[in-house]
Amino acid sequence: MSASTSETAERAADGQGPGADLLAALLDGMDAALCAFAADGTVTHWNREAERILGWSAAEAVGRRGFDGWAARRADAAEALARLMAAMEAPGRLVHEFALLRKDGGRVLVRTQSAGVRGPDGAPAGVYCAFSEVHAQIDLERSIALSEALFEDASWGVVLVDVDLRPTVVNGHAARVMGAGRTTLLGRPLGELIVQGVEELEGALHHVLAEGAPRALAEVWVTLRTPEGEQRRCWRSGFVRLASPLAEEPVPLGVGWLFQDVTEERLAEQEADRLRFRYSQLHRAGAAAAECEDPMEAATVLLDFALAGFADHALVDRTAGERRLVRVAATPAGAPGPVVPVAGGGIPLRYPSGHPVLQAVSRTGPVRASADAATPQDAEDWAAERHWPRDAVHALCLPLRSRGRTLGAVTFLRAASRTAFERPDAVYAETVAVRVATSLDLAGADAGDDAVRG
């Protein structure tokens with residue numbers, strides 16, 4: 001060994017030189033409060049975090065035996081040192097809580113983790129101890145417990161996404177709501193799962209990363225791709241930006257996204273709003289129709305009010321003999337407009353066998369139909385074959401019944417921008433059809449008609 005190497009080793013052994021400087025730098029740079037004791041209980045190490053918590057500097061702490069007379073009350077000092085030094089003989093780490101004294105005289109409850117130190121010969125040589133204020137430790141434990149609870153037992157969805165907007169952690173509730181496994185969602189773009197609404201969701205996540213969390217909750221409608229098919233859902237969402245607590249400058253780690261599925265609530269509210277609007281329209285339509293001297297005009301007024309928010313077209317066919325129907329009123333075929341009587345008329349419609357209107361008349365009940373078309377041209381052909389405007393893709397046909405007779409049929413049509421007619425739509429349309437039938441009955445009472453009885 002060279003003279004310079006031997007000299008460096010001797011300085012390190014005496015607690016001097018690069019080795020000792022590195023050890024001191026590591027101890028002082030740690031976030032945990034650390035101290036160490038020789039086998040006789042003398043303090044050998046004391047870092048800056050220990051100084052911050054208790055106020056005693058390393059120069060004041062190192063070299064003292066135990067805590068008596070400075071860092072603990074005389075009544076507590078002996079017991080505290082004994083509990084710490086017991087770690088020399090015990091396997092693993094020992095955890096204790098006891099009160100220490102700050103330099104300013106205040107008391108602080110600390111939680112310690114101590115472990116024994118062995119010398120080169122394997123004999124107990126001392127103890128090192130890491131400690132923190134109990135409330136800080138409890139805060140940390142609460143944070144960990146909260147995280148575990150959110151990701152295991154929470155009754156709302158919790159998803160952590162990275163800065164690339166890919167899920168990194170998904171809790172069980174979120175996985176169930178999304179219809180996928182917790183691990184299958186990790187690292188995948190949100191667009192693989194969400195068919196519609198992903199742009200709005202990703203826009204919210206980008207905003208949180210750039211500007212921080214919004215103050216209010218956001219409701220996002222999405223369409224999910226699931227093994228059972230596409231499902232439309234509404235998620236009430238809150239967002240928090242995640243930043244590293246270890247960096248000097250806030251470094252975004254991603255976004256915490258918490259959400260609840262409120263689809264059923266929103267659909268119920270929408271249905272309630274729809275019903276209020278529809279029956280408000282019926283009330284207004286009845287009042288307007290009552291002012292019409294001409295019963296046929298009253299029928300068209302009723303249909304005009306009914307069309308608002310309900311359908312794009314309305315057609316009225318009147319019976320003209322056995323299985324013959326004549327168009328007597330309709331909306332314009334080329335553009336939106338009011339229901340008006342058909343000029344001329346009198347020519348029976350050539351409805352093919354099995355036409356929805358003929359089914360409604362024969363069954364005396366509503367019939368729904370939709371175009372099962374692969375292309376827009378197929379949908380136009382479907383509508384043209386049924387003598388309907390070419391933009392029609394959904395139909396609801398109802399018989400017009402009055403005084404036990406079928407006077408004809410009314411057909412409501414929707415374009416591709418609307419959804420297909422459902423059972424609640426048919427219930428509402430039946431109410432409209434009854435009122436239209438009454439007006440048609442009045443219109444034909446004096447002139448005579450070919451209404452079908454039964």
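**Exercise 1. How many bridges join S4 to strand S5 (residues 124-133), and in which direction do the two run?**

Before the solution, some ground rules. This is a predicted model, in which local features need pLDDT of at least 70 and side-chain atom pairs count only at pLDDT 80 or more, while totals for chains, interfaces and linings use all residues. Residues are numbered from 1 along each chain as its sequence is written, and side-chain values use heavy atoms, with hydrogens and water left out.

Solution.
Step 1. Fix the terms: strands (E, at least two residues) and helices (H or I, at least four residues) are DSSP runs, numbered from the N terminus. Two strands pair if DSSP finds at least two bridges between them.
Step 2. S4 and S5 are joined by 9 bridges and run antiparallel.
Step 3. For a position in this pairing, take Thr-112, which stands opposite Phe-131 in S5.
Step 4. The hairpin of S4 and S5 has 5 residues between the strands, and Gly-122 there takes a positive phi near 85°.

**Exercise 2. Describe the pairing of S4 with strand S3 (residues 94-101).**

Solution.
Step 1. Strand S4 covers residues 107-118, and 8 bridges join S3 to it in an antiparallel arrangement.
Step 2. Val-95 has Gln-113 of S4 as its bridge partner.
Step 3. This hairpin has 5 residues between the strands, and Gly-105 takes a positive phi near 100°.

**Exercise 3. Which residues of helix H12 (residues 376-385) are buried, and how are they arranged around the axis?**

Solution.
Step 1. Buried means under 20% relative accessible area, exposed means over 50%, and partly exposed is in between (1.4 Å probe, protein chains only).
Step 2. By this rule the buried residues of H12 are Ala-379, Trp-382 and Ala-383.
Step 3. Seen down the axis of H12, these residues fall within an arc of 95°, so they line one face of the helix. The arc is that of the directions from the helix axis to the C-beta atoms.
Step 4. The general background is that an α-helix has 3.6 residues a turn, so residues three or four places apart point the same way.
Step 5. Strand S15 (367-370) is included in what covers the buried residues of H12, where contact means heavy atoms within 4.5 Å.

**Exercise 4. Which residues form the covered face of S15, and which the uncovered one?**

Solution.
Step 1. Val-367 and Ala-369 make up the covered face, whereas Arg-368 and Ser-370 make up the uncovered one.
Step 2. S15 runs antiparallel to strand S16 (residues 394-402), with 4 bridges between them.
Step 3. Ser-370 has His-394 as its bridge partner in S16.

**Exercise 5. Place Thr-364, Pro-366 and His-387 in the chain and classify their exposure.**

Solution.
Step 1. Thr-364 lies in the loop between helix H11 (356-363) and S15. Its phi is positive, about 50°, although Thr-364 is not a glycine. Its relative accessibility is 40%, so Thr-364 counts as partly exposed.
Step 2. Pro-366 is also placed in the loop between H11 and S15. At 27% relative accessibility, Pro-366 is partly exposed.
Step 3. Leaving aside neighbours within four places in sequence, Pro-366 touches several residues, including Leu-396, Cys-397, Arg-423 and Glu-430. The C-alpha atoms of Pro-366 and Val-427 are separated by 8.8 Å, and these two residues are 61 residues apart along the chain.
Step 4. His-387 sits in the loop between H12 and S16, and its phi is positive, near 60°, in a residue other than glycine. With a relative accessible area of 34%, His-387 is partly exposed.

**Exercise 6. Is Thr-42 buried or exposed, and what does Thr-42 touch?**

Solution.
Step 1. Thr-42 is in the loop between strand S1 (33-38) and strand S2 (43-46).
Step 2. Its relative accessible area is 19%, so Thr-42 is buried.
Step 3. Not counting residues up to four places away in sequence, Thr-42 touches Ala-36, Phe-37, Gly-63, Arg-64 and Arg-65.
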